[in-house]
Structure formats: structure tokens, C-alpha cells
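User: Could you take a close look at the salt bridges in this structure for me? I'd like to know who pairs with whom and how accessible the partners are.

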Amino acid sequence: VPSMLAAMGAVLMTWRLGVSMFDPRAAWLGAALLAVCPMVVWDAHQARADQVLLAATVGAQWGLWRVWRARGTAAGGAIRWAVMFWVCVALGIMAKGPVTPMVAALTCAGLGLVTRRWGWLWRLRPVMGVAIVAAVVGPWVYLVGERVGWHEYLGTVLHETVGRSAEAREGHWGPPGYHTVLLGVLFWPGSLLTALAIGRAVARGAPMERHNGASAGGWFRRAVVRLVRARAGRRAELFCLAWIVPAWVVFELVLTKLPHYTMPMYTAIALLSARAVFAAEAGRLPGVEGAAQRWGIRVWLAVGAVLVAVLALAGAWYLLGTLGTGLVDVPVVVLLVAAAAAVIVGARLLLAARGRMIEGRFAAALASAIGAAVVLAAVALQFVLPRVMGLSSNAAHSAAFIDPTGRRPLAAVEYHEDSLVFLTRGRVERIDEAGLDEWMKRHPDGLVIAPRALPAFKRITPGEADTEFMGLNYSRGRYEDLMIVDVPRWLKRVEFLREQETAR
């Protein structure tokens, strides 16, 4: 629920920020592109802090934008936006440590370096900001430090920040360019014109020198006014570039890489992409008719087609796998028809998007693609993901089936997902293989959830475990074959095998 609410808040703030930066059309489209992209949809359905981080970062950047663009008498009223900025920075620190302040600081540095103006930073009220951050974060830091020890706490902070930057942790490595390549898939369908949108923003975001038209004659003053009005959005483009580029470079250079690391920049990418769509329809987007863009559109369509095909096959596999299991109350035939209809609708919407792009109606094409993304997300969340990634839920349900009273001790060996702790209401103990024997001696009536490949249970042959199931452990990026071992039966089997060996 917190992830879902945070995602909704991020989308709504993106919409309001877009209205302030550009116009209502680009704001609506940008918010919609953020809402349906696979990265946000995927993350919003997990109990993780990344959506809270996204909402906090968008809120901080919204406040920063309003403070930066305030001038004259409006600058005096920027204090409420400065307060919003610092509160969101503090919430971002509480969610994921240094990411939100890093993105904000890099944005400020980028704006200052490009415009060569730094005085506006005082409108952020840094002294007040330090007090706000200290009031929000300080009590938590103190309590945790006192609880776990300051040395261990500092070591954990360094491990999760500097350590992840200096070396790939938990096998999550990727070369520079990792996030850029994945953007085309993780931000689909919004990635249609993103490359051209960034190029357009670079061209429009270049700072323009001020001119004093009063001393240069009426014609020059009118020309400057027309130029300023024609490029009134350049400050928004500059701000979005300062938001995206420096932080993106940092994440590309960090050795530990996960797909969601760059999500705090998705709002700026969505707004620039939406702005480029309407520029393309008005004939003001250079390169939209070029060969590179035509190939880009083909790749974009291919990504959508692959998503449709993969979800169709995975959905069919899930539904067919429920035949005769009693896992669903609705007849499987009905579910197959519903899933097939959803996939057909998604494919038709994707074909409609292709036709509209050929006609140059990019906004209508994206509207069709957004509809396809919504249908595909429904299929994925209802049919596919519960089957593919149900390790923790299967383990919890199987343990409840074996022990309906929930009184027997329960342990998980090597499979230490937080979701399993949540689904068992904190009942499961997380142990490693070295402590397994000791745990079974202390709990001879217990149950053990363990990988089939665990050496301690190598004598268990297929079919001997009380329950066996396989699924994708997405946090580690690998399939795992788990089983539930009834400790009393296992101890009896070990004793029986020992007796046989003694008899021999």
C-alpha cells in the first residue's frame, strides 16, 4: 500500500509540475507515460522503498523548480516551496539515504554551471533546510545508532553508499550504458521520442543572454521579446536536463547497477518526451523523419510486440498450470478466454499505434500504446507474475497446509526474502546452512524451507520432500527450486540410513 500511494503521488506531482513547466497537454501525457511504464508499474506492486524515493524526489524537484524560476516579487513567496523542497529531501533520506539529496545537489550544480548564476541558491534557505533535515532524520539516526552501535551503523552506511559505488554488490554489475539501453524497455511506451526529446531540450535549453531593448531601439526590443516568447519553455528544458544528465552519469559510473536506480529521473524524461510529441505533430522536432528515428520506431514497436508475446505465452502457461489444482475458483476456460481477449486487445492497440505514427499522429499513437500498456499490465499482474514469482507465497501456503495451527517452528535456509517473513507474520526464522543442524536439534518438530540444491539435504530424492516448488527469485535474478522438509520425518530417515550403514 505505501508503494502504491507513493506511485500515485509521484504521478500527480508530475502532472502538476508539467503544468507549471509546459502546458496541460504535455503535463497529462507526461504523467500518463510515467504511470504506465513497466519500471513504475513493477515497482509500485512491491513492498519496497523505491516508490517513496520517487515521490520524495519529484516533490523535492518540484519545490526546487519553483524556487529557481521565481524572480522579483515572486522570489519573496518562494519560502513555502523551499520548505517543501527540504521536507521532501528529508523524506528521501529516510527512504533511501543519499539519492534524493544527490539528485537535487547535482541539479543545482548543473543549473549554476550553465547559467553562471548562483545567488538564487539563497532562496532555498539552507540554514532552515539543515534544521528541517536534522529534525526529520536526526531522531532516527540517533535511535538506530544507539540500538545497533555507532560503529556498525556507520559501517552499514558506508557499505550501502561508497561500497556499492566502488564495487558490484550481490552480483548486480553492469557496464556503462546499462541504464541507457534498458530505458527503451523500462520506460515503454514513453520511450518513443525520448532520444529526440533530449536533443530538442539541449537545443532549447541553451542559456540566452539578456538584452536591454530600451537602449537598442524599438525594433530590437520587439525582436528580443518575440525570441523570448518563442523560446519561453527553455528554462523548463534546462531544468529537466540538469535533473537528468548529471545524476544519470553518476548511476552509469556506479559499479553496482539495478534497473530501478535511475527511476528518480523518469519524471523529467516523461515530461520532455511528452513535450517532444506535440512538437513533432507541429513539425518542430528535427530528426523525426530521419532514418535513425525510423529505426528507433521499429525498435519501439518490436519492444511492444515482444511484451505482448511474452505475456501471452506466460499467461497461457500459468492458466494451463492451474488445471486440476483447485488454485482458482473461476473455470480455467473462462480465464483463458479473458486472457486471450486481453492479449488480442493489446495487440490491436499496438497495431493502431503503428498506423497512427505512419500518419504522423504521435499523440494518438502514444494514447493507443498507453492503452496497450494498461491491458498488458493487467494480464501480467493478474495471471503471469503470481505464477512466475510465487516463491514466498507458495512457501507460506504450503507451510500453512502442513501445519494449519501455525504452532510448529519454521525456518528458512538461504532463502531470506522479506516477503516470506511478512507472509508468515514474522514466524519464520532466517538461518544459514551452518546453523541448520543446531536449529533442528533445538526444534525436532519443526519445518524447514530450503533450496533443493542444499548439501545438507542432498539425500532427499525428488518426491520425498513434503512440498516442492520452483519460481523466479527476482531480487537475485535466478530461478530457485525450493522444498519444505518435515524435520521429524527427516530425522527418522537419517536414523534409518545410519542403521542401514551400521548393518552393512
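**Salt bridges, pair by pair**

Analyst: Happy to. Let's start with Arg442, which pairs with Glu438 in a salt bridge whose closest N and O atoms are 3.9 Å apart. Keep in mind that this is a predicted model. Both residues sit in helix α21 (residues 436-442), four residues apart, or about one turn of the helix. Arg442 is partly exposed, with a relative accessible area of 48%, and Glu438 is also partly exposed, at 47%.

Salt bridges that share partners also tie Asp23, Arg25, Arg200, Glu237 and Arg275 into one network. Within this group, the side chains of Arg25 and Asp23 form a salt bridge at 3.9 Å, N to O. Arg25 has 49% relative accessibility, so it counts as partly exposed because it falls between the 20% and 50% limits. Asp23, at 17%, counts as buried.

Glu237 and Arg275 meet through their side chains as well, at 4.0 Å from N to O. This pair links distant parts of the chain: Glu237 belongs to helix α14 and Arg275 to helix α15 (residues 266-281), with their positions 38 residues apart. Glu237 is buried, at 1% relative accessibility. Arg275 has a relative accessible area of 19%, so it is buried too, because the cut-off is under 20%.

As general background, side chains of opposite charge can pair when their charged atoms come close. For the overall tally, a search of the whole structure finds 12 salt bridges.

Technical notes: Residues are numbered from 1 along each chain as its sequence is written. This is a predicted model: local features need pLDDT of at least 70, side-chain atom pairs count only at pLDDT 80 or more; totals for chains, interfaces and linings use all residues. Side-chain values use heavy atoms; hydrogens and water are left out. Buried means under 20% relative accessible area, exposed over 50%, partly exposed in between (1.4 Å probe, protein chains only). Helices (H or I, at least four residues) and strands (E, at least two) are DSSP runs, numbered from the N terminus.
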